[in-house]
Amino acid sequence: MKQLVIAERVCLIGHIVSMVFGLVGILLVVPNAEVLFHLSEFGQKAMQWSMAGGGVVYMILGAAAVFLYALRTLGLGRTLGFMLPAVLISLTSELLGTSTGFPFGHYSYLSGLGYKIAGLVPFTIPLSWFYVGCSSYLLGRAGLEVDKKPSLLRHVGAIGLGALLLTSWDFVLDPAMSQTSLPFWYWQQPGAFFGMPYQNFAGWLGTGAVFMTVAAILWRNQPIKFERSQLNVPLAVYLGNFGFATVMSLAAGFSIPVLLGVLTGVAPALFLWWKGSSASGQISVEPTAQEVSIASIKVVN
């Protein structure tokens, strides 16, 4: 278990550091290429590597950190019960979106995010749906105390809040990643919301709600009760990725999406974290070993 915690922390720290490193490259080095000439040979190679594969690395590390966290706190069954639906359903939505325009609108991915599945969707994109989606759903589920006071309304509320947190991240991320000088995707039919069609947000809400619903069904007989500190990782992942998108958007002059994201994403996430953390408990894990009853033995002299 100790090795698992260490690996999780290394991936989480690497995830955050790589995002910071990427911001430096995108916001400082790209607009001011002459900066490279003042760096050491190692610094030049590091920046070149960051521009070529930094986006891939930070998403892989984010997915690895959340996978290891979930494995440690939820167990393998619950982890796969969320990860597989999240990856497969989001990939299906992205393939449909990039080929037909449904459910997000007409858009295409550019280079910089890794190998494209079917030549359309970078393999890292479903991973980002998984790790931000899992963090969002766990905050919603814990904050509404779904497992402590189970009810259909609380389950639906957790799914709705999780999908909202996930979509709020996109409010801030999408303008920064599609409308700046170094875009990673572009809209073939730009929409009214800072270049994004409103349909995009319906697609995000719907896709997130679908795979979170599938996970909730798969988890229905496996209640989860968090200790106070176990929501820190989901919150850190959510705020870290929101912060990355915020810096990008503000640098490009997109302040309204950031404000909207703070109101519908950051503020609810912090409240759900506080609410969930206040109800401390032990995580409920499926038994891994059989109970053995030992019969009393009467010794006759």
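Start with burial across the whole chain: of its 301 residues, 48% count as buried (under 20% relative accessible area with a 1.4 Å probe, protein chains only; exposed is over 50%, partly exposed in between). This is a predicted model, in which local features need pLDDT of at least 70 and side-chain atom pairs count only at pLDDT 80 or more, while totals for chains, interfaces and linings use all residues. Residues are numbered from 1 along each chain as its sequence is written, and side-chain values use heavy atoms, with hydrogens and water left out.

Now colour by pLDDT, the predictor's confidence in each residue from 0 to 100. The chain averages 86, and 83% of the residues score at least 70. Select residues 281-301 next: here the pLDDT is below 50, and the stretch has 17 contacts in the model beyond near neighbours in sequence (contact means heavy atoms within 4.5 Å).

Switch to cartoon view. You will find eight helices and four strands, which are DSSP runs (helices H or I, at least four residues; strands E, at least two) numbered from the N terminus. Along the sequence they follow the pattern α-α-α-β-β-β-α-α-β-α-α-α.

**The core**

Show F82, F130 and Y131 as sticks. Among the 73 residues of the largest nonpolar core, these three touch the most other members. Such a core is a set of buried Ala, Val, Leu, Ile, Met, Phe, Trp, Tyr and Cys residues joined through side-chain atoms within 4.5 Å. Helix α4 (residues 124-143) gives this core its largest share, 11 residues. Centre on F82 and look for its partners, including F130, Y137, F211 and W219.

**The loop at P103**

Move to the loop between α3 (76-100) and β1 (107-109), where you will meet P103. Is P103 buried or exposed? It counts as buried, because its relative accessibility is 12%. Add W204: it lies 101 residues from P103 along the chain, yet their C-alpha atoms are separated by 8.2 Å. Beyond four places in sequence, P103 is in contact with S93, G97, Q199, G203 and T207.

**The cavity**

Keep W204 selected and add E94, Y109, I125 and W185: of the 19 residues lining the largest cavity, these five are the closest to its centre. A cavity is a set of points on a 1 Å grid over the protein atoms alone where a 1.4 Å probe fits but cannot get out, and lining residues have an atom within 4 Å of a point. The space inside is about 210 Å³. Finish by highlighting α5 (152-178), which supplies the largest share of the lining, five residues.

Notes. 1 Å grid on protein atoms, 1.4 Å probe; cavity = no way out; pocket = protein on both sides within 12 Å on 5 of 7 lines; lining within 4 Å. Points joined across faces, edges and corners; volume = space filled by probe spheres on them.
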